[in-house]
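The following note sets out points for a colleague who is examining this model at the bench. Please read it beside the sequence and the structure.

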Amino acid sequence: MAKEWACKRNTDGFANAYELDDEGLRMLDLMKPPYTVLNWIALLLQNRRFALRNTVAIDVRDYIIDKFAVDLGPYDLVRGYRADDSYFSYAQDFVENGLPLGLLNRALRLGKLGQQVVLVSERAFDRLVFVGAEPAAASEYYPRFLENDIRARDAYRHDVRRAKSYADDLFAAQIMFEEVDNDDPRVRRLLSA
């Protein structure tokens, strides 16, 4: 995966290898309860640029950050969904009310795009040891990157965007207007499906 990302602009790159002694480090695992995909979205909204196209989406962004953001101060590491371009587009569709919560949850599991761990403290970075680097040839890894990205986007278009299960789902604006939080039974029902 690292070699694919190193070549995602169709240029040769490198994949660095590191070792991390995580003994005693504090992990925020956004993939496990009591956290939900809404906590991951809040973190994404805080740390990536979104070109939101309407004022409702901007208000939704602010609401999600306000109600679902997790203070990273006590943690050294964060585990969550990968924040690649495919997942990023799903999150943007959600914030702009183009994708309800249940379908967002399905989209994030498409294409086996995976999870990532992010180091967020100096303490964690101090434990990181560079082991080496391997070259990544664009001729080999760029086609793999494209294939995985296309597979995830195709699955999104065919399996998620065409799903018409909106009646029992929650849209982002609805989450804001109804002041939904992580403990809302509808959130738990939608995310456990």
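1. Helices (H or I, at least four residues) and strands (E, at least two) are DSSP runs, numbered from the N terminus. On that basis the protein has nine helices and five strands. Their order along the sequence is α-β-β-α-α-β-α-α-β-α-β-α-α-α. The radius of gyration, taken over C-alpha atoms, is 18 Å, close to the 16 Å that the globule rule (2.2 Å times the number of residues to the power 0.38) gives for 193 residues, so the protein is as compact as a globular protein of that length.

2. On the basis of the coordinates: this is a predicted model, in which local features need pLDDT of at least 70 and side-chain atom pairs count only at pLDDT 80 or more, while totals for chains, interfaces and linings use all residues. Residues are numbered from 1 along each chain as its sequence is written, and side-chain values use heavy atoms, with hydrogens and water left out.

3. On overall dimensions and packing: the C-alpha trace spans about 50 × 40 × 30 Å along its principal axes. Of the 193 residues, 42% count as buried (under 20% relative accessible area, with a 1.4 Å probe and protein chains only). Contact means heavy atoms within 4.5 Å. Among contacts between residues at least 6 apart in sequence, 84% join residues at least 24 apart.

4. On helix H2: this helix covers residues 37-47 and is mostly covered, nine of its eleven residues being buried. Among the buried residues are Trp40, Ile41 and Leu44, together with the polar-named position Asn39.

5. On alanine 91: this residue is placed in helix H4 (residues 85-95). Alanine 91 is buried, with a relative accessible area of 0%. Leaving aside neighbours within four places in sequence, alanine 91 is in contact with Trp40, Ile41, Leu44, Phe50 and Leu104. The C-alpha atoms of alanine 91 and leucine 38 are separated by 9.7 Å, although the two residues are 53 apart along the chain.

6. On glutamate 4: which side chain of opposite charge is nearest to this residue? Glutamate 4 lies in helix H1 (residues 2-6). Glutamate 4 is buried yet has no salt bridge (a side-chain nitrogen of Lys or Arg within 4 Å of a carboxyl oxygen of Asp or Glu). The nearest side chain of opposite charge is arginine 144, 5.2 Å away. Beyond neighbours within four places in sequence, glutamate 4 is in contact with Tyr141, Arg144, Phe145 and Asn148.

Technical notes. Buried means under 20% relative accessible area, exposed over 50%, partly exposed in between (1.4 Å probe, protein chains only). Lys and Arg count as positive and Asp and Glu as negative; His and the chain ends are not counted.
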